[in-house]
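Reader: Pick one part of this model and take me through it closely, please. Then show me how the rest is put together.

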Amino acid sequence: MNLFLYGSLMDPDIVEAVTGLRPQMFPGRVVGWLRVTYPSVPYPLLVRMHLSPQSHSVTGLVWRDVSAEALKRMDRFEGKRYAREVVYTEDDVECQMYVEKECLTEEWDFKKFQAIDKKFMFEGG
């Protein structure tokens, strides 16, 4: 199994601290995603670009043939907030990458916004 790494895990020192390994990695790019700054934290978040996927891509590193033990350590490092999703690099390498679960499963819902979240728009004002 291959992992596509796009944020802080592109740093070999961090991968080594998490897994105890310093694997060889190769450049890669996935299309249809945008890497954005996540408020108040030093690592990025990926956002799937539904409307114009071909005009957005993320460069990163591909770690090939990740062992089950290394994957277990990576999963623990990423925590319950992230899930692995299958993606393909531009050169058609199948990988999994960590994506925040809410970004995978929850599309913005206007009715939910009006019923639940709208009131927060008026707080403090």
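Author: Let's settle one term before anything else: a residue is buried under 20% relative accessible area, exposed over 50% and partly exposed in between, with a 1.4 Å probe and protein chains only. By that yardstick, 34% of the 125 residues in the protein chain count as buried. Keep in mind that this is a predicted model, where local features need pLDDT of at least 70 and side-chain atom pairs count only at pLDDT 80 or more, while totals for chains, interfaces and linings use all residues. Residues are numbered from 1 along each chain as its sequence is written, and side-chain values use heavy atoms, with hydrogens and water left out.

A quick overview, then. The protein chain has 4 helices and 7 strands (DSSP runs numbered from the N terminus, H or I with at least four residues for helices and E with at least two for strands). Reading from the N terminus, their order is β-α-β-β-β-β-α-β-β-α-α. Along the principal axes, the C-alpha atoms fill a box of roughly 50 × 30 × 20 Å. If you take the contacts with a separation of 6 or more (contact means heavy atoms within 4.5 Å), 64% of them link residues 24 or more positions apart.

The part I'd zoom in on is the hairpin made by strand 6 and strand 7, which has 5 residues between the two strands. Strand 6 covers 82-88 and strand 7 covers 94-100. They pair in the antiparallel sense over 7 bridges (strands pair if DSSP finds at least two bridges between them). To get your bearings, find Arg84, which stands opposite Tyr98 in strand 7.

Now look at the turn. Asp92 lies in the loop between strand 6 and strand 7, and its phi is near 65°, a positive value in a residue other than glycine. Asp92 counts as exposed, at 59% relative accessibility. Strand 7 is another story: 6 of its 7 residues are buried, so this strand is largely enclosed by the rest of the structure.

Follow strand 7 to Glu100. Glu100 is buried, with a relative accessible area of 7%. Its side chain and that of Arg81 are joined by a polar contact of 2.5 Å (a pair of N or O atoms within 3.5 Å; within protein, one must be able to donate a hydrogen and the other to accept it, and residues adjacent in sequence count only if both atoms are side-chain atoms). Setting aside neighbours within four places in sequence, Glu100 touches Tyr38, Leu45, Arg81 and Tyr82.

Over on strand 6 you'll find Glu85, which is buried at 15% relative accessible area. Its side chain makes a polar contact of 2.8 Å with the side chain of Arg48. Arg48 belongs to strand 4, residues 44-48, and is partly exposed at 29%. Two C-alpha distances help place this pair: Glu85 and Phe4, 81 residues apart along the chain, are separated by 9.9 Å, while Arg48 and Leu34, 14 residues apart, are separated by 6.5 Å.

Away from the hairpin, strand 5 (residues 57-63) runs antiparallel to strand 1 (residues 3-5), with 3 bridges joining them. Leu3 stands opposite Trp63 there. Strand 5 also pairs with strand 2 (residues 26-31), in the antiparallel sense over 6 bridges, and Arg29 has Thr59 as its bridge partner. After strand 5, the loop leading to helix 2 holds Asp65. Asp65 is exposed at 64%, and has a positive phi of about 55° although it is not a glycine.

That leaves the helices. Helix 1 (residues 12-19) and helix 2 (residues 68-78) pack at about 105° with their axes 9 Å apart (axes are lines fitted to C-alpha atoms, for helices over the stretch in contact, and angles run from 0 to 180 degrees between N-to-C directions). So helix 1 is roughly perpendicular to helix 2 (65 to 115 degrees; under 35 is roughly parallel, over 145 roughly antiparallel and the rest oblique). Ile14, Val18 and Thr19 of helix 1 meet Ala70, Arg73, Met74 and Phe77 of helix 2. That contact comprises 5 nonpolar, 1 polar and 1 charged residue (Ala, Val, Leu, Ile, Met, Phe, Trp, Tyr, Cys and Pro count as nonpolar, Asp, Glu, Lys and Arg as charged, and the others, Gly among them, as polar).
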